[in-house]
Amino acid sequence: MKLERLPSIKSSLKPSNHPYLNGAWTPLMEEVNASDLDVIEGTIPKDLDGIYLRNTENQVHQPLGRFHPFDGDGMIHQIDFRGGHASYRNRFVRTRGFEAEQEAGASLWGGLADPVQLAKRPGWGAHGFLKDSSSTDVVVHAGKALSTFYQCGEGYRLDPQTLEQLGLESWVPIDGISAHARVDERTGELMFFNYSKHAPYLHFGVVDRNNKLATYIPVSLSGPRLPHDMAFTENYAILNDLPAFWDADLLKRNIHAVRLHEGLPSRFALVPRRGDGEIRWFEAAPTYVLHWVNAYEDGNEVVLDGYFQEEPMPKPRQDAPPGYEHMMAYLDEFSFKSKLHRWRFNLADGATREERLDDRIMEFGMINRRYAGRKYRYVYSTIAEPGWFLFKSFVKKDVQTGESWSYELDSGRYASEAPFAPRMDSRSEDDGYLVSFVTDENSRTSECIVLDAQHIPDGPICRVALPHKICSGTHSFWASRDQLTA
Ligand SMILES: [Fe+2]
């Protein structure tokens with residue numbers, strides 16, 4: 001392995017006993033370029049050709065108040081596979097907030113769990129008092145990486161191969177762009193949404209394959225909501241109005257407290273992708289959903305798959321370290337109980353039909369994105385370590401037959417979301433690999449693992465050493481070689 005370390009950044013973070021600033025969530029302050037990575041086990045497949053990008057909430061400065069892991073600064077990790085070899089690099093996203101705090105040498109904004117009065121400067125996005133950390137999600141669109149923030153941030157572009165910072169994306173509207181913009185590989189379009197505290201509260205937009213804003217329309221709601229993700233089919237974008245959102249009375253006093261609004265249904269908007277037709281609304285059982293898997297049209301129906309939370313407002317975890325009982329519950333799949341679920345919206349009679357696809361608790365579903373928006377068979381989910389926002393198993397589910405396959409990592413090893421990477425000359429939906437970063441708390445090292453998507457229970461077919469131990473992170477993206485240029 002050849003390693004180049006970049007000049008160090010300023011950090012004021014002190015040791016603490018915070019559960020999400022230690023162990024697999026220990027922030028990393030180092031930025032490197034590494035080539036010819038060492039293979040620990042197995043062989044890198046020669047027909048794996050492209051890059052795996054992962055965003056990470058990686059805190060740099062001593063928090064002003066009660067740190068929440070979603071407050072961390074965005075760090076993009078990238079591994080590039082080509083011809084049976086791998087290289088790696090990582091960079092902080094140079095957001096305006098990151099740069100301001102580098103200049104100050106300290107935190108300037110409080111976090112999600114803090115009162116708004118902690119912010120020393122105006123913030124960004126729907127919340128309005130948080131730093132736009134650009135630390136939630138990353139996609140590749142029009143040949144460039146785009147990193148985004150769940151509270152609606154500005155949208156930062158990076159070169160997906162060099163991780164050179166390309167700055168703010170110019171088409172992002174005044175209300176920002178939420179995490180989980182979706183790329184349709186077949187059309188090259190990027191679909192996005194944003195949400196805010198002012199009417200119409202929700203917007204939908206489309207950016208074409210040449211990175212030009214083609215559509216931006218309001219999707220009117222009755223008040224502020226907190227959607228986290230969206231889905232699409234060939235003709236529709238699917239946005240949501242779910243009954244877990246900020247308490248309106250407390251919000252008037254600038255207190256951002258989420259509660260489940262009893263008596264309200266889940267609502268889904270089918271928005272014509274060109275923005276030129278009627279928006280159809282459907283109602284369903286109340287829940288909250290963090291992530292959708294996929295959606296498609298099936299005759300008169302629009303089918304949507306995602307993870308239904310049986311307890312969107314979970315009880316505090318009594319086994320959490322004192323003071324962290326609420327936060328630990330909201331970060332724990334086994335507390336909010338997310339299960340693979342299907343909604344069918346009937347365009348003829350306006351009814352919604354629902355069914356559970358799997359009774360196990362799981363989340364963070366990845367698919368072969370060539371099938372995004374179209375009828376598909378396979379979803380690759382992760383199962384968490386109970387009590388923790390850490391992933392320990394991968395589950396492949398055939399949503400047509402109900403069959404499933406899984407692989408669990410050894411104790412003390414934690415994975416990221418594992419996107420599907422089609423093999424070069426891939427011949428079928430599951431003809432490819434799953435790629436994930438793993439942090440090993442036993443050896444205090446990190447690696448990248450590759451699984452054969454047709455043989456999940458066999459475990460990794462190769463393990464590649466990373467040059468440093470990386471902080472646990474979540475959302476990721478696989479881009480094939482041909483998607484890395486505009
Ligand atoms: Fe997310």
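Two strands count as paired if DSSP finds at least two bridges between them. With that in hand, the pairing of alanine 237 is easy to place: in this predicted model, alanine 237 sits opposite valine 271 of strand 19. The rest of the picture can be built outward from there.

Taken as a whole, the protein has four helices and 34 strands. Its radius of gyration comes out at 21 Å, close to the 23 Å that the globule rule gives for 486 residues, so the protein is as compact as a globular protein of that length. Along the principal axes, the C-alpha atoms fill a box of roughly 60 × 55 × 45 Å. Half-and-half is a fair way to think about burial here, with buried residues making up 50% of the 486. As for contacts with a separation of 6 or more, 58% of them link residues 24 or more positions apart.

Back to the sheet around alanine 237. This is an open sheet of four strands in the order 15-16-19-20, paired antiparallel. Its edges are strand 15 (231–232) and strand 20 (280–284), each of which pairs on one side only. Strands 15 and 16 form a hairpin with three residues between them, held in antiparallel fashion by two bridges; here phenylalanine 232 stands opposite alanine 237. On its other pairing, strand 16 meets strand 19 over six bridges, again antiparallel. Strand 19 (residues 266–272) is then joined to strand 20 by five bridges, also antiparallel, and arginine 267 faces glutamate 283 across that pair.

Strand 16 itself deserves a closer look. Six of the six residues in strand 16 (residues 236–241) are buried, so the strand is largely enclosed by the rest of the structure. Both faces are covered: Tyr236, Ile238 and Asn240 are buried on one side, and Ala237, Leu239 and Asp241 on the other.

The nonpolar cores tie in with this strand. In soluble globular proteins, nonpolar side chains tend to be buried together. The largest nonpolar core here has 125 residues, and those with the most contacts inside it are Ile238 and Leu239. Leaving aside residues up to four places away in sequence, isoleucine 238 touches Met230, Ala231, Phe232, Phe268, Ala269, Leu270, Ala295 and Leu304. A second, separate core has five residues, among them Trp109, Ala119, Trp124 and Phe129.

Another open sheet of four strands follows the order 21-22-23-24, with antiparallel pairing. Strand 21 (292–298) and strand 24 (352–361) stand at its edges with a single partner strand each, so one side of each has no neighbour in the sheet. On average, and ignoring direction, neighbouring strands of this sheet are turned by 20 degrees against each other. Strand 21 runs antiparallel to strand 22 (residues 301–309), and six bridges join the two. Within that pair, tryptophan 292 has glycine 306 as its bridge partner.

Earlier in the chain there is a further hairpin, made by strand 9 and strand 10 with six residues between them. Leucine 163, in the turn, has a positive phi of about 60 degrees. Three bridges join strand 9 (residues 156–158) to strand 10 (residues 165–168), and the two run antiparallel. Arginine 157 is matched with glycine 167 of strand 10 as its bridge partner.

Note on methods:
Residues are numbered from 1 along each chain as its sequence is written. This is a predicted model: local features need pLDDT of at least 70, side-chain atom pairs count only at pLDDT 80 or more; totals for chains, interfaces and linings use all residues. Axes are lines fitted to C-alpha atoms, for helices over the stretch in contact, and angles run from 0 to 180 degrees between N-to-C directions. A residue is buried if 20 or more other C-beta atoms lie within 10 Å of its own, exposed if 12 or fewer, and partly exposed in between; C-beta atoms are placed from the backbone. A nonpolar core is a set of buried Ala, Val, Leu, Ile, Met, Phe, Trp, Tyr and Cys residues joined through C-beta atoms within 7 Å. Two residues are in contact if their C-beta atoms, placed from the backbone, lie within 7 Å. The radius of gyration is taken over C-alpha atoms; the globule rule is 2.2 Å times the number of residues to the power 0.38.
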